[in-house]
Amino acid sequence: MKKKILIIENSLYVTGALTAVLSTTDRLKDRFDFYYVIPSKSHIGNIIEKSGYKVYKIPFTEINKSPSLLLYIPKLFLNARRILKIMKRNRIDMLHVNDIFNMVGCVVKKMNPGIKLVNHVRLLKDSYISPLYPFFCKQLKKYADYIICVSKAVQKDVGDTAKSIVIYDVPVINEKYPIVHKNTDMSIKILYLGNYLPGKGQTFGLEAFKEFQKQFPNSSIKFVGASDTVQSAKFKQQLIESSAGYTNIEFASKTSDVEYEMKQHDVVLNLSLSESFSFVCLEAMLFGVPLIAADSGGPSEITDYGTKALLVPKNDAQAACNALVSFANDINFYRDRALASKKWAEQKFNSQSNINLMTKIYNI
């Protein structure tokens, strides 16, 4: 009989965290039965159900930068009881929480110590509500059976514990397109892929491009990403307004074909302020497209600390501009290095190895 795993996923919209955990469960559903619990206000239920999973909705209370603990704590225990009922009804063997800031798994474990608890950590300590990060890590070390860290940077922030293990989020790559190399007039085509959020660094990307365009006026930049929330839509509009008076700047919606977008451009730019890992950076490496990324956690590991791609300090538009200039002045070198780095990334970030690790954890 298959073991039954209950996934708690906090995303309201499609995120990297959701994409990663869905990719894992899709590849393992022949060996395990998976169920999902998501927030009542989430918009991802249909996506998960289309993959063939039973979905439950619970009114999770999100901790924000000014948390109302008077509301949060009672709901936490109430939701833990709801989770326990779902687990009993479906004879669940293991609880897998896909978020460090949702403590419901720890409360469930406290109520029923016999339950196996796995907790994913996908954020660095300087993300989100950083003052509470050490407290949450302390609870995970006490209650979780395994703490899955998506990078060594995350593992370092979580701190010393025998319970932690690094398992990278590795996409399944089935390449369909060749890389397009068309620029003969130094019209460098830059892609900035990421949801429209201040933490994703588009502001620095835009400022870097404005400076870069002074030397390479025929160049262009395309921003691609989702703007599903009021906050992200507002941020996208601010970027559009900041680009007024400049040419060859495009702001596009989220793409369903990342490989095509990347291979239509000369270089991928990613200047996130804090990245526990980075699907964008890894996909650029695996597709053999030159990459310029900020030294913000996960991208450092993905680029072998700057030996496989251009790594620049975070919060530094001028450094990003300088990197773009270096790329433009020796484009063939960076293209060749990207192709060599592709082979290295395919070996280091092997999806089957990660699936094997997840299988081992689910079988504890």
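Trainee: In this predicted model, where is aspartate 266 found?

Mentor: The model is a predicted one, and in it aspartate 266 follows helix H9, which covers 258-263, and precedes strand E11, which covers 267-270. The place asked for is therefore the loop between helix H9 and strand E11.

Trainee: Does aspartate 266 count as buried or exposed?

Mentor: The relative accessibility of aspartate 266 is 4%. Since buried means under 20% relative accessible area, aspartate 266 counts as buried.

Trainee: Which side chain makes a polar contact with the side chain of aspartate 266?

Mentor: The side chain of aspartate 266 reaches the backbone nitrogen of lysine 189 at 2.7 Å, but that partner is a backbone atom. The side-chain partner, in a polar contact at 2.9 Å, is arginine 335.

Trainee: How are helices H7 and H8 arranged relative to each other, roughly parallel or roughly antiparallel?

Mentor: Helix H7, residues 202-215, and helix H8, residues 230-242, pack with their axes 11 Å apart and at an angle of about 10 degrees. Angles under 35 degrees count as roughly parallel, and therefore H7 and H8 are roughly parallel to each other.

Trainee: Which residues of H8 make the contact with H7?

Mentor: On the side of H7, the contact is made by Gln202, Thr203, Leu206 and Lys210. By class, the contact of H7 with H8 has 3 nonpolar, 3 polar and 1 charged residues. The residues that H8 brings to the contact are Phe235, Leu239 and Ser242.

Trainee: Within what arc do the buried residues of H5 fall?

Mentor: The buried residues of helix H5, which spans residues 133-143, are Tyr133, Phe136, Cys137, Gln139, Leu140 and Tyr143. Seen down the axis of H5, these buried residues line one face of the helix, because they fall within an arc of 160 degrees.

Trainee: Which exposed residues does the face of H5 turned away from its buried side carry?

Mentor: The buried residues of H5 pack against helix H4, strand E5, strand E6 and helix H6. The face turned away from that buried side carries the exposed residues Pro134, Lys138 and Lys142.

Trainee: Which residues is leucine 357 in contact with, leaving aside its neighbours within four places in sequence?

Mentor: Leucine 357 lies in helix H14, residues 351-362, and at 29% relative accessibility it counts as partly exposed. Its C-alpha atom is separated by 9.3 Å from that of isoleucine 165, although the two residues are 192 residues apart along the chain. With those sequence neighbours left aside, leucine 357 is in contact with Ile165, Val166 and Ile167.

Notes. Residues numbered from 1 in each chain as written. Predicted model: local features only at pLDDT ≥ 70, side-chain atom pairs only at ≥ 80, totals over all residues. Heavy atoms only, no water. Helix = DSSP H or I, 4+ residues; strand = E, 2+ residues; numbered from the N terminus. Buried < 20%, exposed > 50% of the residue type's maximum accessible area, 1.4 Å probe, protein only. Polar contact = N/O pair within 3.5 Å; in protein donor to acceptor, adjacent residues only side chain to side chain. Axes fitted to C-alpha atoms, helices over the stretch in contact; angles between N-to-C directions. Parallel < 35°, antiparallel > 145°, perpendicular 65-115°, else oblique. Contact = heavy atoms within 4.5 Å. Nonpolar A, V, L, I, M, F, W, Y, C, P; charged D, E, K, R; others polar. Arc of directions from axis to C-beta.
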